[in-house]
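Student: Could you zoom in on one part of this model for me and go through it residue by residue? I'd like to know what sits where, what is covered, and what touches what.

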Amino acid sequence: MSVDYKLNHQADVFFEQLGSMLKKFPPIHYAAIVSEILNEVFTKRELSVRYPPHFLLHSIQANCIYYNKNRKEELSEKKLQRILNHYKQYFDPVAELYLEKEDGITPFFINMARQQFLLQWGYGGDALGRSVSLFSLGKYPISEKYFKENFGMTFNEWLIIGLAVSAYQSKKSQIISPLYFIKSSEKIAPDNVVESFFRENSISPVEVKKYHEQVEKKIGKNAALFFDTYLNNLFVEKPMLTLNDSTYLVVHKQLFIKKVLEGIFDICKKGIPSEFGVEFGKNFERYIGELLSHFLPSNRIFTEKQMRQFTDKKVCDFMLVLDDYIFLLESKGVEYSSYTASEQAMKGDNSTKKISTGFDQLSSVAKMIREGTFTELIGESNDKKIIASVVTYKQLYLANDDWYFQNNILPLTKDTDFLVDGFFEYRPQILSIHELELLLKHCEEKQRSYFDVFTERLNGVDQFLRGDWYLFLETESNIPFLRDNFDEFFGEVVEKQLKGG
């Protein structure tokens, strides 16, 4: 990556000064104090101005990197504010680069979203129920074998231990030991499995520095320096900091829950990407089918298998045929996986390629509807308007923004006829699975059609940064079958653990 020398120097000076401030504090003490503040800010959002959560989290990682073991100062409120003020006064090179460009506002906000939104996201019963549906109730013969061989546990054991740890730290303390579960009279899993879970989800202060060096080597020193405060924090991957041989700090409660819910996906995708991709894709499609069936009658839902009886061309996963419109859905179990969100990285990310393929599939089906290919299946539909979505597993920030589409999705989309032939009433939308759940729930609660919501959302006066649907869909996602899955799977184990064991 080519970076302007002035901006690179700006970042270099910032981190040199940051290091001089952070090197004085032993990481296990600094992390314990700052982590407590970080978790308090999550519940008391008014504190975020004084204690910006993304700066707090980044400073814990930076403290581990820069600490000089010959220094042992105590962290005071005054010293912490000096560190945070250093962050606040830093007009970083990412902001300077993008905000000076005519079309840089969207890529800047994408980077900012990746930096900050994970720390503001809460995970409720629906998210827990979704993970149960996807991983506990799914079939993964190859992936679960890999997981068992490498980590000594099943998918179920991962989920059970993770939720038991979460229940403990939410009621008692962020500092936790596997011995609590090992010595408990109510065993949630074999001792070696509990120990394996803690190992996989923790990192020591010394290992933090090694992790940083590996990222720097992978993406290049310039890019690592330039994007540093915008890189996904390592505590997303390793949400516990090792304090000693048997004690761990849950750095951020929501990041820990995120790892519990998505860790199986992340680990298997990294370890056996092809095999897991096939197995997860099938289960993700199955899950969406179950979700749709809880909101729509079966005679409104048509599957890929049914469409295949009438064509050998590209088809999508689901066709929802309503009274006066059709809603097409294509599932892509993807996430944005690049370390940075540079323009080049966004264009080359696997999620971009997959979504472009999804657009081709949706366009193919829309064209065949107009040609009457599916008339025998769905009846005469030439006059029905068509809307469509690609549904992703994780959130792709601002993926529906015009800039994102023009610069990333469109160049890889093979069939662009839909742009000029009017197959769709609106450009297909990219929805995370969470956003699809919100859309279904919103329309059920408000007695609205999906088409009307699309119209309001996409014809609204606020066209700027209209990429993320979850900000628009004001509803509490509370889907009964997901809550039932969660209660049935975790209820007994968590209840026993909360009793103290």
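Tutor: First, a word on the labels: helices here are DSSP runs of H or I with at least four residues, strands are runs of E with at least two, and the numbering starts at the N terminus. By that scheme, helix H3 covers residues 53-66 and Ile-60 sits in it. Keep in mind that everything below comes from a predicted model.

Let's stay with Ile-60 for a moment as a warm-up. Its relative accessible area is 0%, so it counts as buried. Setting aside residues within four places in sequence, its contacts are Tyr-30, Ala-31, Val-34, Ser-35, Phe-235 and Val-251. Val-34 is 26 residues away in sequence, yet the C-alpha to C-alpha distance is 7.3 Å.

Now a quick look at the whole chain before we zoom in. It has 24 helices and 9 strands. The radius of gyration is 24 Å, against 23 Å from the globule rule for 501 residues, so the chain is as compact as a globular protein of that length. Along the principal axes, the C-alpha atoms take up a box of roughly 75 × 60 × 40 Å. Of the residues, 58% count as buried. If you take contacts between residues at least 6 apart in sequence, 78% of them join residues at least 24 apart. As for the outside, about 22,300 Å² is exposed, with 49% of that supplied by carbon and sulfur atoms. On charges, there are 61 positive and 69 negative side chains, and the centres of the two sets are 6 Å apart.

The part I'd pick for a close look is the surroundings of strand E8. Thr-392 is in that strand, and with a relative accessible area of 0% it is buried. A polar atom of its side chain lies 2.7 Å from the backbone oxygen of Lys-394. Leaving out neighbours within four places, Thr-392 touches Phe-284, Lys-332, Val-334, Ile-355, Ile-430, Leu-431, Ser-432 and Ile-433. Several of those names lead straight to the next stops.

Take Lys-332 and Val-334, contacts of Thr-392. Between them in sequence comes Gly-333, in the loop that runs from strand E7 (325-332) to helix H17 (343-348). Gly-333 has 27% relative accessibility and counts as partly exposed. Beyond its close sequence neighbours, it is in contact with Phe-265, Phe-280, Phe-284 and Tyr-393. Phe-284, then, is on the contact lists of Gly-333 and Thr-392. Phe-265 is 68 residues from Gly-333 along the chain, with a C-alpha separation of 9.6 Å.

Next, Ile-355, another contact of Thr-392. One place further along is Ser-356, in helix H18 (residues 350-371). Ser-356 is buried at 1% relative accessible area. One of its side-chain polar atoms is 2.9 Å from the backbone oxygen of Thr-352. Its contacts outside the four-place window are Asn-408, Ile-409, Leu-412 and Thr-413.

Further along H18 you reach the partners of Asp-415, namely Asp-360, Ser-363 and Lys-367. Asp-415 itself lies in the loop between H20 and helix H21 (418-421). It has 16% relative accessibility, and since the cut-off for buried is under 20%, it is counted as buried. Compare that with a long separation: Asp-415 and Ser-449 are 34 residues apart along the chain, and their C-alpha atoms are 28 Å apart.

Finally, a backbone detail you'd want to flag. Most residues other than glycine have a negative phi. Leu-398 goes the other way, with a positive phi of about 60°. It is in the loop between E8 (385-392) and helix H20 (402-409), and it is buried at 7% relative accessible area. Gln-447 also has a positive phi, near 55°, and sits in the loop between helix H22 (433-446) and helix H23 (450-458). At 70% relative accessibility, though, Gln-447 counts as exposed.

Definitions and conventions: Residues numbered from 1 in each chain as written. Predicted model: local features only at pLDDT ≥ 70, side-chain atom pairs only at ≥ 80, totals over all residues. Heavy atoms only, no water. Rg over C-alpha atoms; globule rule 2.2 N^0.38 Å. Buried < 20%, exposed > 50% of the residue type's maximum accessible area, 1.4 Å probe, protein only. Contact = heavy atoms within 4.5 Å. Areas by Shrake-Rupley, 256 points an atom, 1.4 Å probe, with all protein chains shown as cover. Lys, Arg positive; Asp, Glu negative; His and termini not counted. Charge placed at Lys NZ, Arg CZ, Asp CG, Glu CD. Polar contact = N/O pair within 3.5 Å; in protein donor to acceptor, adjacent residues only side chain to side chain.
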